[in-house]
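Q: Please walk me through this structure feature by feature. For each one, give me the general idea and then the case at hand.

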Amino acid sequence: MASVTFQRVCKVFSDGTTAVSELDLHVEDGRFVVLLGPSGCGKTTTLRLLAGLEDLTSGNILLDGSVVNDLEPKDRDLAMVFQNYALYPHMTVEKNLGFSLKLRGVKRAEIRRAVSDVAALLGLDDLLRRRPRALSGGQCQRVALGRAIIRKPCAFLFDEPLSNLDAKLRMDMRAELRALHKRLRTTSIYVTHDQAEAMTLGEQVAVMCDGHLQQYAEPLEVYDRPANRFVAGFVGTPTMNFVDGDLTGRGLSLTFECPLGRLPLPAGHAARLATHPERRVTLGIRPESLVLCPPAAGSHDTAAFPATVRMIEPLGDRCYMHLDAEQDVSLVAAADPHQQFVVGDVVPLGFDIRAAHFFETGPVGRNLSPAHANPLINYLPPRPIP
Ligand SMILES: Nc1ncnc2c1ncn2[C@@H]1O[C@H](COP(=O)(O)OP(=O)(O)OP(=O)(O)O)[C@@H](O)[C@H]1O
Ligand SMILES: [Mg+2]
């Protein structure tokens, strides 16, 4: 096993496309780290650079503290698992599993033992004689995983390995991967654009956008204290609500004026925002922090305003209310599925300002909220409607 370090890694392709920019990332030995970001942000390129399948433009990649920039892929001792499984179609599962050991000249009896161990670990015992075309997607993925495990590499590199599977199987495989990592403790770097996958699998999550690392932290930290507006908007379903507005007032008595109203800021926010040079900022509030029928204004920290129901998405355990507030501000609130509002109703909506984030304007504007901001989540029971 090994630690993995990227030091100021850049990759510019020959056509001038910058895929990875100044990437600094350290993955401790035995950790499971997820690289998360939208399509085209440089996740696969980062893995391919690490595997030695692409040359670096600049920077260093280290395995266990040693620079491996010039090491051939086969000498890096890494195992990659891809989305398309890349199994050999003409070989049985048994042969697929044992192939890398055969190439290394391992004795037949030893290969048989290793294949049987991995097959038992992944529940493939009954499938050893089959060829890939006679397997389901989940079974193929398990064989691909087995082929990586059998090599006992110093790290696993996963590139969206579950995205061809249906939702239920994806959940099952996630749980299997988690259990497997607990047992093997092999350093793992897992690429996905699926934030739910990142949150459930990653011990740490590295969020990327346009080749740049945006935040590297534990999943809940990324959710509760997103470093910037991009991370705040990318992590979380439905996405965080954003409303632009202006800071008015002086010192610690600051007010945020936006289409939702004039919101006096609590001390923690005011202390941080008082020194911010720009007056224009963006408020961010999670759907689960918006409350229908908030407590009557009078509670100092509650913002309350009317909004019209545009659409209701019922999900069984909760529903998402799509709402239009003043001046064409669209909001989404997570609500109790048994709430009684219907499309067209004007509802009282609100949130506790202490749960809000404030960002610099722009797509990657920094989070200006206090580090200790408490993500208050409103699980208040719905009020009966008179
Ligand atoms: N060989 C190449 N030549 C030129 N540009 C490339 C090459 N490979 C990738 N790119 C570009 O580099 C950027 C990053 O690509 P990459 O495949 O790393 O993205 P990704 O995050 O893995 O995306 P996805 O989630 O769609 O797989 C993209 O703009 C892509 O078009
Ligand atoms: Mg990719």
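A: Let's start inside helix 1, where Lys 43, Thr 44, Thr 45, Thr 46, Leu 47, Leu 49 and Leu 50 are buried. Helices (DSSP runs of H or I, at least four residues) and strands (runs of E, at least two) are numbered from the N terminus. A residue is buried if 20 or more other C-beta atoms lie within 10 Å of its own, exposed if 12 or fewer, and partly exposed in between, with C-beta atoms placed from the backbone. Keep in mind that this is a predicted model, in which local features need pLDDT of at least 70 and side-chain atom pairs pLDDT 80 or more, while totals for chains, interfaces and linings use all residues. Residues are numbered from 1 along each chain as its sequence is written, with chains lettered from A and ligands numbered from 1 in the order in which they are written.

Q: Is helix 1 largely enclosed or largely open, and why?

A: Seven of its nine residues are buried, so helix 1 is largely enclosed by the rest of the structure. Just after this helix, Gly 52 has a positive phi of about 90°.

Q: What does helix 1 lie across?

A: Helix 1 lies across strand 1 (4-12), strand 2 and strand 4, and makes an angle of about 65° with strand 2. For such angles, axes are lines fitted to C-alpha atoms, for helices over the stretch in contact, and the values run from 0 to 180 degrees between N-to-C directions. Contact here asks that two C-beta atoms, placed from the backbone, lie within 7 Å.

Q: How are the strands of that sheet ordered?

A: Strands of a sheet pair through backbone hydrogen bonds, either parallel or antiparallel. Here four strands make an open sheet in the order 2-1-4-5, and the pairing is antiparallel; two strands pair if DSSP finds at least two bridges between them. Strand 2 (18-27) and strand 5 (66-67) are the edge strands, each pairing on one side only. Strand 1 is joined to strand 4 by five bridges, and Phe 6 stands opposite Ile 61 of strand 4.

Q: What links strand 4 and strand 5?

A: They form a hairpin with two residues between them, and Asp 64 in the turn has a positive phi of about 50°. Two bridges hold the antiparallel pair of strand 4 (residues 58-63) and strand 5. Leu 62 faces Val 67, and Leu 63 faces Ser 66.

Q: Which residues come nearest to ligand 1?

A: A residue is near a molecule if its C-beta atom, placed from the backbone, lies within 6 Å of it. Of the 13 residues around ligand 1, Phe 13, Ala 19, Ser 39, Thr 44 and Thr 45 come nearest. Helix 1 (residues 43-51) gives the largest share of this shell, three residues. By class, the shell holds three nonpolar, eight polar and two charged residues (Ala, Val, Leu, Ile, Met, Phe, Trp, Tyr, Cys and Pro count as nonpolar; Asp, Glu, Lys and Arg as charged; the others, Gly among them, as polar).

Q: How is the sheet that contains strand 15 ordered?

A: This open sheet has five strands in the order 15-19-16-17-18, with antiparallel pairing. Strand 15 (290-292) and strand 18 (330-335) stand at the edges with a single partner strand each, so one side of each is left without a neighbour in the sheet. Neighbouring strands are turned by 45° against each other on average, direction ignored. Strand 16 (residues 302-314) is joined to strand 19 (residues 346-352) by seven bridges, and Pro 306 has Pro 348 as its bridge partner in strand 19.

Q: Where should I look for backbone features in the loops?

A: Try the peptide bond from Thr 237 to Pro 238, which is cis, with omega near -10°. Pro 238 sits in the loop between helix 8 (229-234) and strand 11 (241-250). Arg 185, a residue other than glycine, has a positive phi near 55° and belongs to the loop between helix 5 (167-184) and strand 8 (187-192). Asp 210 has a positive phi too, near 50°, in the loop between strand 9 (204-209) and strand 10 (212-217). Asp 210 counts as partly exposed because it has 17 C-beta neighbours inside 10 Å.

Q: What domains does the chain have?

A: The domain assignment gives domain 1 (4-230) and domain 2 (238-360), with bounds from an automatic or database domain assignment. Their centres, taken over C-alpha atoms, are 39 Å apart. The chain as a whole has nine helices and 20 strands, and its C-alpha trace spans about 80 × 45 × 35 Å along the principal axes.
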